[in-house]
Amino acid sequence: MNARRDLAEAVRELASAVAVTDVDDPDLAQAAASARELTKLLRERQLEDVPRTPYDEAVGATHYGWHLDNPALPGLTMVFEDGRATATIPDGLGKAYAGPPGKLHGGVGALLLDVLLSSLVQHHGVRAVTASLTVDYRAATRLDVPLRITGDIVGRSGRKVETVGALWCGEVATVEARGLFVQVG
Ligand SMILES: CCCCCCCCCC(=O)SCCNC(=O)CCNC(=O)[C@H](O)C(C)(C)COP(=O)(O)OP(=O)(O)OC[C@H]1O[C@@H](n2cnc3c(N)ncnc32)[C@H](O)[C@@H]1OP(=O)(O)O
């Protein structure tokens, strides 16, 4: 793992710990001061944009990483096989992504599905943006169990690509999505 990715992972771990820490105020104050010191160090040199895998690298790829170096978002490594996209989150997303107590916030589920479906469309060589994403929440998603995300292309007409996807908790599809992507450029 390179230094940037390792840092992103460490900051995700930090955010996850901060979200549910119960230490006393003096320790919170010390942690805040330490965090601000690190922020100062990292602001010494800043990029114009978030470094990421170029979109074009998804075309025909077998693996594609999304925001792996950006700790503000859950990174996702996708696998493309037989025209379908799959991603696994082996340790679950963790408590920081809660919406209802102990369960995944719906917006995060929608985000992950949009990421996977848009990457799948790009994998098929279509430069497209999300025009519409319809999400059905079928069951609450646990935060402490492995998750899987799948996506397929189900239709194409002119500039439009229709997709379906799901977030799986074991054998249960807890979130289902239909995404319409429209080719641009
Ligand atoms: C270069 C990018 C490379 C990869 C990007 C990765 C993206 C990652 C995923 C994202 O987060 S994208 C960010 C969120 N999405 C946006 O910001 C898109 C904002 N919307 C737009 O830019 C335009 O509305 C859009 C390009 C989607 C469509 O505008 P256009 O003027 O190019 O197309 P037009 O309105 O003529 O529609 C083309 C077809 O799509 C249909 N359509 C467009 N928007 C629709 C919609 N919302 N629902 C249903 N159908 C829709 C429209 O009816 C029409 O169908 P027909 O060809 O059958 O007539």
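Two residues are in contact if their C-beta atoms, placed from the backbone, lie within 7 Å. Keep that in mind for the exercises below. You're looking at a predicted model, where local features need pLDDT of at least 70, side-chain atom pairs count only at pLDDT 80 or more, and totals for chains, interfaces and linings use all residues. Residue numbers start from 1 along each chain as its sequence is written.

**Exercise 1. Find out how the two domains of the chain meet.**

Step 1: Get the bounds, which come from an automatic or database domain assignment. Domain 1 covers 3-42 and domain 2 covers 55-183.

Step 2: Look at the spacing. Taken over C-alpha atoms, the domain centres are 28 Å apart.

Step 3: Apply the contact rule. On the domain 1 side, 9 residues are in contact with 7 residues of domain 2.

Step 4: Sort the domain 1 side by type. You get 5 nonpolar, 1 polar and 3 charged residues. Here Ala, Val, Leu, Ile, Met, Phe, Trp, Tyr, Cys and Pro count as nonpolar, Asp, Glu, Lys and Arg as charged, and the others, Gly among them, as polar.

**Exercise 2. Work out the order of helices and strands, then check helix 2 and helix 3.**

Step 1: Count the elements. The chain has 3 helices and 7 strands; these are DSSP runs numbered from the N terminus (helices: H or I, at least four residues; strands: E, at least two).

Step 2: Read them off from the N terminus: α-α-β-β-β-α-β-β-β-β.

Step 3: Test the length of helix 2 (residues 25-42). The expected span is 1.5 Å times one less than the number of residues, so its 18 residues should give 26 Å, and the end C-alpha atoms are indeed 26 Å apart. Helix 3 has 18 residues too, and its 26 Å between end C-alpha atoms agrees with the expected 26 Å.

Step 4: Ask how enclosed each one is. A residue is buried if 20 or more other C-beta atoms lie within 10 Å of its own, exposed if 12 or fewer, and partly exposed in between, with C-beta atoms placed from the backbone. Helix 2 has 0 buried residues, so it lies largely in the open. In helix 3, 13 of the 18 residues are buried, so the rest of the structure largely encloses it.

**Exercise 3. Describe the surroundings of His 67 and Asp 82, which have a positive phi.**

Step 1: Take His 67. Its phi is about 50 degrees although it isn't a glycine, and it sits in the loop between strand 1 (63-66) and strand 2 (76-81). With 17 other C-beta atoms within 10 Å, His 67 is partly exposed.

Step 2: Now Asp 82. Its phi is near 50 degrees, again in a residue other than glycine, and its loop runs between strand 2 and strand 3 (84-89). Asp 82 counts as exposed, with 5 C-beta neighbours inside 10 Å.

**Exercise 4. Map the shell around the ligand.**

Step 1: Pick out the nearest residues. Of the 16 around the ligand (C-beta atom, placed from the backbone, within 6 Å of it), Ser 118, Val 129, Ala 131, Ser 132 and Val 182 come nearest.

Step 2: See which elements contribute. Helix 3 (106-123), strand 4 (128-137) and strand 7 (172-183) each supply at least two residues, and strand 4 gives the most, with 4.

Step 3: Sort the shell by type: 6 nonpolar, 6 polar and 4 charged.
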